[in-house]
Amino acid sequence: MALYDYDIGIIGGGAAGLTIASGAAQLGAKTLLIEKEPQLGGDCLHFGCVPSKTLIRSAYLYHQFKQAERFGLPVVDLPPVDFARIAKRIQDVIGQIQRHDSAERFCRLGAKVEFGTVFFGIPTGSI
Ligand SMILES: Cc1cc2nc3c(=O)[nH]c(=O)nc-3n(C[C@H](O)[C@H](O)[C@H](O)COP(=O)(O)OP(=O)(O)OC[C@H]3O[C@@H](n4cnc5c(N)ncnc54)[C@H](O)[C@@H]3O)c2cc1C
C-alpha cells in the first residue's frame, strides 16, 4: 500500500475537486488529487454542463435560421439536422476544454495528480 504525506487529499477531479486543487496548490498546500477516470473534468465536462450547452447552442442556431424571415432575412430552406455532426462538435468542444482540465496543468499549478479509485477500508492484517 502506498504511503502519502500531503496537506490535503482531494478525491475526484470534477468541478469541485479541480477548484479546490487549484486553490490549495496555489496557496502552497501540498496537494494530492486522485481521479478514478482516465481524464479530469468530471460530470460537468464529460456529461453535464459542457455537452448540454454545446447541444443547446446548435439547437438555438438552427432555430434562429428557421426564424430568418421574421428578421427581414431571406427564407432559409434548411436540411434536416445531422446529429452525428453535432455529436462530433460536442466531442471537439469537450476536447478543447479538456486541455485546460489536464493533469499536466494541475501539476504545473503545484498539485500531484494520480489516477485510480480511492476507497476507504481497514487494510487486511492491520488490526
Ligand atoms: C445534463 C447536465 C447539465 C448540467 N449543466 C450545468 C450547468 O450548466 N451549470 C452548472 O453549474 N452545473 C451543471 N450541471 C451540474 C454539474 O455537472 C455538477 O454540479 C458538477 O459536475 C458537480 O461537480 P463535482 O466535482 O461535485 O462532481 P463530479 O463532476 O461528479 O466529479 C466527481 C469526480 O470524482 C470522481 N470520483 C468519484 N468517486 C471516486 C473515487 N472513489 N476515487 C477517485 N475518483 C472518484 C469521478 O470520476 C468524477 O470525476 C449539469 C449536470 C448535468 C447532468
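This passage describes the surroundings of the ligand and the second largest pocket in a predicted model.

In the predicted model, the shell around the ligand comprises 20 residues, and those that approach the ligand closest are A16, E35, D43, K53 and V118. By class, this shell consists of 7 nonpolar, 8 polar and 5 charged residues. Four elements, namely the helices α1 (15-26), α2 (42-46) and α3 (49-66) and the strand β2 (31-35), each contribute at least two residues to the shell. Because residues of the shell are drawn both from domain 1 (1-40 + 103-117) and from domain 2 (41-101), the ligand lies between the two domains.

Polar atoms of the protein backbone lie at short listed distances from the ligand at several positions. A nitrogen atom of the ligand is placed 2.8 Å from a backbone N or O atom of V118, a residue that is also listed among the closest of the shell. A polar backbone atom of K36 is found 3.1 Å from a nitrogen atom of the ligand, while for A15 the corresponding backbone distance, to an oxygen atom of the ligand, is 3.1 Å. The ligand taken alone exposes 1,000 Å², of which the protein buries 54%.

Apart from the surroundings of the ligand, the second largest pocket was examined. This pocket encloses about 380 Å³ of space, and its lining is made up of 14 residues, with S58, Y62, V81, D82 and I86 lying nearest its centre. Two or more lining residues are given by each of α3 and α4 (83-98), and α3 provides the largest share, with 6 residues. In terms of residue class, the lining of the second largest pocket contains 9 nonpolar, 1 polar and 4 charged residues. Helix α3 thus appears in both descriptions, as it supplies at least two residues of the shell around the ligand and 6 residues of the lining of the second largest pocket.

Methods
Residues are numbered from 1 along each chain as its sequence is written. This is a predicted model: local features need pLDDT of at least 70, side-chain atom pairs count only at pLDDT 80 or more; totals for chains, interfaces and linings use all residues. Side-chain values use heavy atoms; hydrogens and water are left out. A residue is near a molecule or strand if one of its heavy atoms lies within 4 Å of it. A polar contact is a pair of N or O atoms within 3.5 Å; within protein, one must be able to donate a hydrogen and the other to accept it, and residues adjacent in sequence count only if both atoms are side-chain atoms. Accessible areas come from the Shrake-Rupley method with a 1.4 Å probe; for residues, only the protein chains shown count as cover. Ala, Val, Leu, Ile, Met, Phe, Trp, Tyr, Cys and Pro count as nonpolar, Asp, Glu, Lys and Arg as charged, and the others, Gly among them, as polar. Domain bounds come from an automatic or database domain assignment. On a 1 Å grid over the protein atoms alone, a cavity is a set of points where a 1.4 Å probe fits but cannot get out, and a pocket is an open set with protein on both sides within 12 Å along at least five of seven lines; lining residues have an atom within 4 Å of a point. Grid points are joined across faces, edges and corners, and a volume is the space filled by probe spheres set on the points.
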